[in-house]
Amino acid sequence: MRPIAQSLAAFLAALVLAAPARAQEVTVASPGGRNRATVEAREGRLYYSLTRDGRPLILPSLLGFEFRNAPALREGLRISDTTRAAKDEWWTQPWGEVARVRDHHNELAVSVEETAAPNRRFVLRVRAFDDGIGFRYELPEQPGMGSFEISDELTEFSLADNPRAWWIPSNWARKDRSEMLYSSGPASLLDSVQTPLTMETRDGRTFLVIHEANLVDYARMNLAGQRGESRTLEADLAPMADGIKVRGKTPFVTPWRTIQLADRATELAPSVLGLNLNPPNVLTSTDWIKPMKYVGIWWGMHINTMTWGSGPKHGATTANTKRYIDFAAANGIGGVLVEGWNTGWDGDWIANRDAFSFTQAYPDYNLAEVAAYAKQKGVKLIVHNETSGGIQNYERQMDSAFALYRSLGLDAIKSGYVTDLTSEGHSHYSQFMVQHYRRVIEAAARYGIMLDVHEPMHDTGERRTWPNMMTREGARGQEYNAWSGDGGNPPEHETILFFTRLLSGPMDFTPGVFDLLIERGTGRPRRPDEPRIRTTLAKQLALYVALYSPMQMAADLPENYEGQPAFQFIRDVAVDWDTTRVLDARIGDYVAVARRERGGQTWFVGAITDEEGRTLSVPLSFLTPGRRYEAEIYADGPQAHWLDNPLPLTISRRTVTSATRLSVVLAPGGGQAIRIRPVRGGS
Ligand code: NOJ
């Protein structure tokens, strides 16, 4: 803001603040002026609201807290001061969907105080970006407030119309994870749902995504609706065993509550709002953090041809691991994950969570030997740490385990938290768990270890501050196609994931299963009503581009890739990107994405569809004009269909330029994967 505008704004704010008896109102607009957030104190209560182009999106919505053993911060509030700031800065990600990110926002800090004793104070800090807003509470150190216990955060999101929402439910008391199929319908129907919650206004003019950023020492937020009663969603924090949501002590800041905005679905991704609301990278060197593809002793356990525990089908043997390492080395795959290598898997490994050792290998697995073998072959051995939610058991061993891995040159861990409640009875998403996941990230960083976390805390942009926190699960992934009671993920699943879960950050979905009917090992093709992969083969390839992850698995058994021409795409596809463009999309129906590899000129396109076949007309205008490129196209073959004919795939090549419009034909449940490389001397 120019100085004259700044002093005018200050003067207007002073006028407003001079009249505490009436409503007090202050506003901050995004740099482009389209998004405006207003904070107002009315009859002692504090509210915020949000408009875009003057159209209300969030109506005045309550702010505040309830505490145990202290009065709520809800009534008798007044705005006592405001300050403003602005920022326009570019920063570079060590890895990501885009290399360069612009943090361009206007900030308004609203000081709020109670008019009666104990005269507690807090600041509501609001940042307005062109792609949405974020706000958080800051509780300064003060006589009237030291240690506190939050029993409820009162933040509301009062939706101006009844947008269509895509959601997964949440239920703190029962199954407390995120591995569910999405539903969609009017937001007024919502009960308790997880974030990111993606919505489209009824006139189709605006997409809104409610989520949170920089969750460090707080409970995870879900959203509670009132099922037809109103269109107001309320912050719903995950409880600890005693029902308290957050224990803290001033000075204290909450995570940011974020509302991402876009005019079109294609503009929702890549989403950087949450990254901009996290502190910059704290690691002095990030050279050791390397995106990679990996294979693993993993799918065999899910389809029952191998076991995690000891016995004749034990997957994690020294010999089997060497076979996987050889396969990775021969195919330019960077890593090998080995699950079931450590003692503790025998019996009910979920119930016996405290039995896991993170240093002691089964006798048929020589950790030092396979680590040395992997090193010699130039492949990273990814260590598996399933905790089953035995948090104290894990934390007791963490330092010695990480030190051991480090001494063997191992710098990547896949961890797991298969459980609903922790051993202590805390919600999977409680403050207790937020603190735990943070301690793991920080310990891993100290030991130079990259992380891929399954059953994780949802992603709130940690990777900006801690780039060793690479990827995570946090949604229904491929594994459900091996064993889920409902037959597996329906063909629309990934076209929703792209616009919901993936807006929070990368997902280790584990694509690339070629044995779609799971015939191998099990001896017969699975019937359509049995769990199996409900996509075509080409769609499995397209998922490498569509579903972003800096650690991207080739999930199938190595023998299922042998002799398969389609495997060449997995060998070639990049895992780190300079640029990402969503070319065409409709949430839940289809999406086509183009990404340019980091530091190179090669583009990859991935297009996926739901159960409907369709033809997309995709302009290649993202290519450099005047240059010739060769496109290698992995397309659904004749009569391909996810239900009864998923395997046909054709590979073709053609010359393309920025003027080319590709006709991308997708079979029902199908996809298309394309590599586009500049032709040498082809300009
Ligand atoms: C669930 C994870 O998502 C999966 O990848 C892993 O194989 C099992 N837990 C065992 O840790």
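Two strands, β8 (100-114) and β30 (577-586), each put at least two residues into the lining of the largest pocket. Keep in mind that this is a predicted model. Below is a quick tour of that pocket, then the ligand site, then some backbone oddities and a handful of residue placements.

**The largest pocket**

- The volume of the largest pocket comes to about 400 Å³.
- It has 14 lining residues, and W90, V101, R102, D131 and V272 are the closest to its centre.
- Strand β8 is the top contributor to this lining, giving four residues.
- Sorted by class, the lining of the largest pocket holds six nonpolar, five charged and three polar residues.

**The ligand and its shell**

- How many residues surround the ligand? There are 14 of them, and W298, E339, E386, K414 and H454 are the closest.
- The shell around the ligand breaks down into six charged, five nonpolar and three polar residues.
- H454 is also a polar partner: an N or O atom in the H454 side chain sits 2.7 Å from an oxygen atom of the ligand.
- With E473, the distance from a side-chain N or O atom to an oxygen atom of the ligand is 3.0 Å.
- For H384, a polar side-chain atom is 3.3 Å from an oxygen atom of the ligand.
- On its own the ligand would expose 300 Å², and the protein buries 97% of that area.

**Cis peptide bonds before proline**

- Going from T195 to P196, the peptide bond is cis, with omega near 0 degrees.
- If you want to find P196 on the model, look in the loop that runs between β15 (192-193) and β16 (197-200).
- The peptide bond from T250 to P251 is cis too, and here omega is near -5 degrees.
- P251 also belongs to a loop, the one between β20 (246-249) and β21 (252-253).

**Positive phi outside glycine**

- S388 isn't a glycine, yet its phi is positive, near 50 degrees.
- You'll find S388 in the loop between β25 (380-386) and α6 (391-407).
- Is S388 buried or exposed? S388 counts as buried because its relative accessibility is 0%, below the 20% cut-off.
- I518 is another non-glycine residue with a positive phi, at about 50 degrees.
- Its place is the loop between α10 (493-497) and α11 (537-546).
- I518 has a relative accessible area of 0%, so this residue is buried.

**Loop residues G389 and F509**

- G389 sits in the loop between β25 and α6, where S388 is found as well.
- With 0% relative accessibility, G389 counts as buried.
- Where does G389 lie relative to K313? The pair is 76 residues apart in sequence, and the C-alpha atoms are 26 Å apart in space.
- F509 is part of the loop between α10 and α11, and I518 is found in that stretch too.
- The relative accessibility of F509 is 1%, so F509 counts as buried.
- Along the chain, F509 and L543 are 34 residues apart, while 8.9 Å separates their C-alpha atoms.

**Strand residues P56 and K293**

- P56 is in strand β4, which covers residues 55-62.
- Why does P56 count as partly exposed? Its relative accessibility is 46%, so P56 falls between the buried limit of 20% and the exposed limit of 50%.
- P56 and D161 have 8.7 Å between their C-alpha atoms, though they're 105 residues apart along the chain.
- K293 belongs to strand β23, residues 292-297.
- K293 is a lysine that counts as buried, because its relative accessibility is 9%.
- From K293 to D572 there are 279 residues in sequence, but their C-alpha atoms are 10 Å apart in space.

Terms used. Residues are numbered from 1 along each chain as its sequence is written. This is a predicted model: local features need pLDDT of at least 70, side-chain atom pairs count only at pLDDT 80 or more; totals for chains, interfaces and linings use all residues. Side-chain values use heavy atoms; hydrogens and water are left out. Buried means under 20% relative accessible area, exposed over 50%, partly exposed in between (1.4 Å probe, protein chains only). A residue is near a molecule or strand if one of its heavy atoms lies within 4 Å of it. A polar contact is a pair of N or O atoms within 3.5 Å; within protein, one must be able to donate a hydrogen and the other to accept it, and residues adjacent in sequence count only if both atoms are side-chain atoms. Accessible areas come from the Shrake-Rupley method with a 1.4 Å probe; for residues, only the protein chains shown count as cover. Ala, Val, Leu, Ile, Met, Phe, Trp, Tyr, Cys and Pro count as nonpolar, Asp, Glu, Lys and Arg as charged, and the others, Gly among them, as polar. On a 1 Å grid over the protein atoms alone, a cavity is a set of points where a 1.4 Å probe fits but cannot get out, and a pocket is an open set with protein on both sides within 12 Å along at least five of seven lines; lining residues have an atom within 4 Å of a point. Grid points are joined across faces, edges and corners, and a volume is the space filled by probe spheres set on the points.
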